[in-house]
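Me: I would like to go through a few labels used for this model and ask what stands behind each of them.

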Amino acid sequence: MTRYLDELDVMMVEEGFTTRDLLESLLLKVAQTVRTKTIAFFVANLENVVKKHVRLLKALPRVKPFYPLKCNGSKGVVQMLAGLGAGFSCTSKTEMAVVKSIGVPPERIICTSPCKQISLIRYAASQGVRLMTFDNEVELGKVARRYPSARMILQLATDDFRSSNHLSVKFGATLKTCRHLLEIAKQMNIEVAGISFHVGSSCADPQIFTQSIADAHLVMEMGAELGYKMHLLDIGGGLPSAEESRRRFEETAAVINSALDLYFPEGCGVEILAELGRYYVNSAFTLVVNIIAKKEVPLDQPGPDEEEPDGKKSFVYHINDGVYGSLGSVIFSNICPIPILPKKPPPDLPLHSSSFRGPTGDGLDRIADGLELPELQVGDWLIFENMGAHTVLAPSSFQGSQPAQIHYAMSRMAW
Ligand SMILES: *Cc1c(COP(=O)(O)O)cnc(C)c1O
């Protein structure tokens, strides 16, 4: 385990800590490492990642997790999950290089973009990473020419209209085209080792898993008629992350378990994988930002029956990170993040309408509108919780602007 965690700078803290508790010492640390004192940064609670892993193994005992780096490719998360024995799913050469660089063996890596750059196929071949997904004929041709010993996984489309973003619009073969794709693969002499699907992020309807697992079973039987012996089922991601959605997690896990027992009973020779991203990282990361500018603006006119509380004002604050930086998930996940203040404000302070903008001045760089908060000042710090998913890329994916620093923390006990 610790072999993967070499060279990672982790703060040892009390169990049950919050970013709020650590803020003072963190600000000191930030001031020592960077010249400007007001840089936005993340605090990553690696203990939270470990807890998620343990909970997953309990809730879905037959499922082997493969963590998708596209969700958050930070070094600490990848090293921690490697240490815990997880596999990884990669959609680019950069991501695969990160996983290889810490010594994860090729059998624990899947290449999961169904539409791959040729450079990724070549790199996977050079590294012995044989598992890769596809959902179209052209992709089979690309792989047949450059990596004939690859083991392909056919990705199915799912009915993901209830998820918060709709991936099947982009990826996945429909049931109608599966037989054709399997026949083409056979002609090209390519191995098809399994089936995958992804229900989309934060899936609200667990029954989509049942339907998709049933579909996967059907396509495996189709494959068997053509002489394939498939032995992998990858049920993708889509499980919720936050503590608040724990019940939804348990419910979804129960639905998955019974669908697996029905269609892929124990001993059927099919290994089950999942690619859980948001589940692992979202609640582990908080973002700490600084207010860089402040403007008082006219209050919206109250409606005829509404009474305007005395002394209420309206402020627009600009902060030092935005949707083109660490808060891009505001657009991606369509959420309005609500900042918390480093110190709980006294309950009798007047509240004002408060909106937040990123640093760019671009109209799209809007983070939140009309929140009720006490008056804040330039230089104040704010904390955004649950910022782990789709906010941090793999280390070398950045071009140009400097990404927010990440400070890892964990209690000695969990370590
Ligand atoms: C992004 C992605 C996932 C991870 O989804 P989460 O909702 O973050 O768990 C899984 N599978 C595929 C194919 C993906 O593209």
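Reply: A polar contact is a pair of N or O atoms within 3.5 Å; within protein, one must be able to donate a hydrogen and the other to accept it, and residues adjacent in sequence count only if both atoms are side-chain atoms. This is a predicted model, where local features need pLDDT of at least 70, side-chain atom pairs count only at pLDDT 80 or more, and totals for chains, interfaces and linings use all residues. Residues are numbered from 1 along each chain as its sequence is written, and side-chain values use heavy atoms, without hydrogens and water.

Me: What makes the pair between Glu275 and a nitrogen atom of the ligand a polar contact?
Reply: An N or O atom in the Glu275 side chain is 3.4 Å from that nitrogen. The limit is 3.5 Å, so the pair counts. Backbone N or O atoms of Gly238, at 3.0 Å, and of Arg278, at 2.8 Å, each lie by an oxygen atom of the ligand.

Me: Why is Asn282 called buried?
Reply: Buried means under 20% relative accessible area (1.4 Å probe, protein chains only), exposed over 50%, and partly exposed in between. Asn282 has 11%, so it is buried. Asn282 sits in the loop between helix H10 (278-281) and strand E11 (285-297); helices (H or I, at least four residues) and strands (E, at least two) are DSSP runs, numbered from the N terminus.

Me: Why does Ile331 count as partly exposed?
Reply: Its relative accessibility is 48%, between the two limits, so the label follows. Ile331 belongs to helix H11 (residues 329-332).
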